[in-house]
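Trainee: I am new to this structure and would like to take a close look at a single part of it, rather than at everything at once. Could you choose one helix and walk me through its surroundings with care?

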Amino acid sequence: MKYNCDLISDLLPLYKDEICSEASRKIVEEHLAECQDCKKMLNSLNDITIDEKIVKEKEEVIGTQARFFKRKSALAGSIIAMIFAIPILVCLIVNLATGAGLTWFFIVLAGILVAASLIIVPLMVPENKMFMTMGAFTASVIILLAIISVYTHGSWFLVAAPATLFGLTVLFAPFIVCRRPVNAYVKNHKGLAIMGAYTATFVLMMLCIGLYVGMSEFFPMAFAVSMPLVVMCWAFFVIIRYLRSNACVKTGLCIASAGALSGVLAMLASSAEASMSATGVVYSSGVSVPPVSIVALGLVIAGIGFLVRKNKGEKK
Ligand SMILES: [Zn+2]
């Protein structure tokens, strides 16, 4: 044989795709006439093309199926929307016929919106289904509360709406951060995004409740009790999520930070107790274990964890 197989095997992909020079093509063909090994290699290269074709066809079939189901679910969504329209129309007519104007009709409308957000939105939205469904559900619940509040002439909406928002955030945030489009923005900081959403909606709720009950009595008390707990949750989160250490060190630091914050809480409680006793409110701090000993216990556990880690590192 004029040329060795290594050289021909380098040329084979170019020959297969018909992009080699005329001279190279002649060389390869001459060699293939004599060499069975290289002939086999060319056949296997052609097989790969067949595999690619199969994968492409499979993707096309899946795509067609997906489009088919999308059309079907959009159709089902439209039919259900039409069914929902019937009670809305009936209520509109009845309400107009019996009352001077539209009153409770809006409550029915908002109630049906809540149901529709859970059934119609996931069927009809083409993408980001979970995000859109949970968003639509939250918005429609808030709208329902607002309408009932207007209808009953109650200012309780100020308390109910942010409390509902906080509750739904607690429920939905862990699911929403894992799905499109939110996951593309938060990437590896899903926990941070959830904690941020919890804190923001919690603070909003506290502010609104404060406005509802009257600032002077509420804020010092509410923030003295809740803010140390929020800080503790953040301390736990940062230690567990971002500290690069073993479980023992993390546990110890969590216990120590809980001890430190319970100390702060006890101090705030005793000062609140002094001011509360004047107004006749009995307030007990209820801290039986001294915070200093909790901090010490946590630091001891963290210290043990640190030493274990160091020993392991030295052994390696
Ligand atoms: Zn060969």
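Mentor: What follows is a walk along one helix, then outward to its neighbours and to a few points in the loops.

Please keep in mind from the start that this is a predicted model. The part to look at is helix α5, which runs over residues 129-151 and so has 23 residues by the way helices are assigned here. From its first C-alpha to its last, α5 reaches 32 Å, which is close to the 33 Å expected at 1.5 Å a residue.

Begin just ahead of the helix, in the loop between α4 and α5, where N128 is found. The phi of N128 is near 55°, a positive value in a residue other than glycine. Most residues other than glycine have a negative phi, so a positive value deserves a second look. N128 counts as partly exposed because it has 14 C-beta neighbours inside 10 Å. At the other end, just after α5, H153 takes a positive phi of about 55°.

Within the helix, M134, S140, V141 and I147 are buried. What covers the buried residues of α5 includes α4, residues 105-124, and α6, residues 157-176.

The packing of α5 with α6 can be followed in some detail, for their axes are 10 Å apart and meet at an angle of about 170°. Because of that angle, α5 is roughly antiparallel to α6. On the side of α5 the contact is made by M130, F131, M134, T138, V141, I142, L145, A146 and S149, and on the side of α6 by F157, A160, A161, T164, L165, L168, F172, F175 and I176. Sorted by kind, the residues of this contact comprise 15 nonpolar, three polar and no charged.

Turning to α6 itself, you will find P162, L165, F166, T169, A173 and I176 among its residues, and these are buried. The cover over the buried residues of α6 includes α5, and also α7 (182-186) and α8 (190-213). Helix α6 bends by about 40° at V170, and a proline, P174, follows within four residues. Beyond this helix, P181 sits in the loop between α6 and α7, and the peptide bond from R180 to P181 is cis, with omega near -5°.

The other neighbour, α4, has a partner of its own in helix α3, which spans residues 36-98; the axes of α3 and α4 come within 9 Å and cross at roughly 175°. That crossing angle is why α3 is described as roughly antiparallel to α4. The residues that make this contact include S73, A74, G77, F84 and C91 of α3, together with F105, L109, I112, A116 and M124 of α4. The contact of α3 with α4 divides into 18 nonpolar residues, three polar and no charged.

For comparison with N128, look also at E18, which lies in the loop between α1 (5-16) and α2 (22-34). E18 has a positive phi of about 55° although it is not a glycine, and it counts as exposed because it has 7 C-beta neighbours inside 10 Å.

Technical notes:
Residues numbered from 1 in each chain as written. Predicted model: local features only at pLDDT ≥ 70, side-chain atom pairs only at ≥ 80, totals over all residues. Helix = DSSP H or I, 4+ residues; strand = E, 2+ residues; numbered from the N terminus. Expected span 1.5 Å × (residues − 1). Buried ≥ 20, exposed ≤ 12 C-beta atoms within 10 Å, placed from the backbone. Contact = placed C-beta atoms within 7 Å. Axes fitted to C-alpha atoms, helices over the stretch in contact; angles between N-to-C directions. Parallel < 35°, antiparallel > 145°, perpendicular 65-115°, else oblique. Nonpolar A, V, L, I, M, F, W, Y, C, P; charged D, E, K, R; others polar. Bend = angle between axes of the 7 residues up to and from the residue.
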